[in-house]
Amino acid sequence: MNTPIIDPGWFYLIGVCDLLKLLSEVLLIVSAFALVVTLFVWAIGIWEENWYEKDDEYKFSAKLTKIFTPLSIVFMLLCIFIPSKDTLYAMLAAKYITPANIETAADCGENVIDYIVEKIGEITEKE
């Protein structure tokens, strides 16, 4: 009867998920920044006179835009769908906390309170 109620592996996985969420947030910031810079360079090229003469530079900018746009979208979706550490703990608690467990805990709590009241009564009678 000394087996744990919750497998300790879940706590490890919760820590890993939290790190994945942090990593995806950092990568989202980096890729979004790179996307904004790339789009800015591309926009400046369009407004310049004779921008079509600098074809290689702006093809490279367009290529980077095609790379950073999907990356930003993927990292944004990861940020949205990887739950936070608090959410994972709440989900784990919701799985293991049942009405029967709550009732058992309440009964134990009542027994402890009754015991404390009895002991206080005994102490006050002796005085």
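**Figure 1. Leucine 20 in helix H1 of the predicted model.** Leucine 20 is partly exposed in this predicted model. Its relative accessible area is 43%. The residue is found in helix H1. Leucine 78 sits 58 residues away from leucine 20 along the chain. In space, the C-alpha atoms of leucine 20 and leucine 78 are separated by 8.6 Å.

**Figure 2. Leucine 23 and valine 26 beside phenylalanine 75 in the view.** Leucine 23 is found in helix H1. Valine 26 lies in helix H1 too. Leucine 23 counts as partly exposed, at 47% relative accessibility. Valine 26 is also partly exposed, with a relative accessible area of 43%. Each can be paired with phenylalanine 75 by C-alpha distance. For leucine 23 and phenylalanine 75, that distance is 9.1 Å. These two residues are 52 residues apart in sequence. For valine 26 and phenylalanine 75, the C-alpha separation is 8.9 Å. Along the chain, valine 26 and phenylalanine 75 are 49 residues apart.

**Figure 3. Threonine 65 and the residues it touches.** Threonine 65 is found in helix H2, which spans residues 55-81. Is threonine 65 buried or exposed? Threonine 65 has 15% relative accessibility. Buried means under 20%, so threonine 65 counts as buried. Leaving aside residues up to four places away in sequence, threonine 65 touches Leu35, Thr38, Leu39 and Pro70.

**Figure 4. A nonpolar surface patch that includes Met76.** Which residues make this nonpolar surface patch? They are Ile73, Met76, Leu77, Ile80 and Phe81. The patch covers about 510 Å². Methionine 76 has its place in helix H2. Methionine 76 is partly exposed, with a relative accessible area of 40%. Patch residues need over 30% relative accessible area, so methionine 76 passes that cut-off.

**Figure 5. Cysteine 17 and cysteine 79.** Cysteine 17 is partly exposed, at a relative accessible area of 26%. Cysteine 79 is buried, at 14%. Why do the two get separate labels? The buried label needs a value under 20%, so cysteine 79 at 14% earns it. Cysteine 17 has 26%, which lies between 20% and 50%, so cysteine 17 counts as partly exposed. How many disulfides are counted? The count comes to 0.

**Figure 6. The whole chain and its helices.** What secondary structure does the chain have? The chain has 4 helices and 0 strands. From the N terminus on, the elements run α-α-α-α. Buried residues make up 14% of the 127 residues. The chain exposes about 10200 Å². Carbon and sulfur atoms supply 71% of that exposed area. Now take contacts between residues at least 6 apart in sequence. Of these, 81% join residues at least 24 apart.

**Figure 7. Confidence along the predicted chain.** The mean pLDDT of the chain is 80. In the chain, 80% of residues reach 70 or more. Which element has the highest mean pLDDT, and which the lowest? Helix H1, residues 8-47, has the highest, at 88. Helix H4, residues 99-126, has the lowest, at 70.

Definitions and conventions. Residues are numbered from 1 along each chain as its sequence is written. This is a predicted model: local features need pLDDT of at least 70, side-chain atom pairs count only at pLDDT 80 or more; totals for chains, interfaces and linings use all residues. Side-chain values use heavy atoms; hydrogens and water are left out. Helices (H or I, at least four residues) and strands (E, at least two) are DSSP runs, numbered from the N terminus. Buried means under 20% relative accessible area, exposed over 50%, partly exposed in between (1.4 Å probe, protein chains only). Contact means heavy atoms within 4.5 Å. Accessible areas come from the Shrake-Rupley method with a 1.4 Å probe; for residues, only the protein chains shown count as cover. A disulfide is a pair of cysteine sulfur atoms within 2.5 Å. pLDDT is the predictor's confidence in each residue, from 0 to 100. Patches are made of residues with over 30% relative accessible area and no salt bridge: like charges are joined within 9 Å, nonpolar side chains (Val, Leu, Ile, Met, Phe, Trp, Tyr) within 5 Å. A salt bridge is a side-chain nitrogen of Lys or Arg within 4 Å of a carboxyl oxygen of Asp or Glu.
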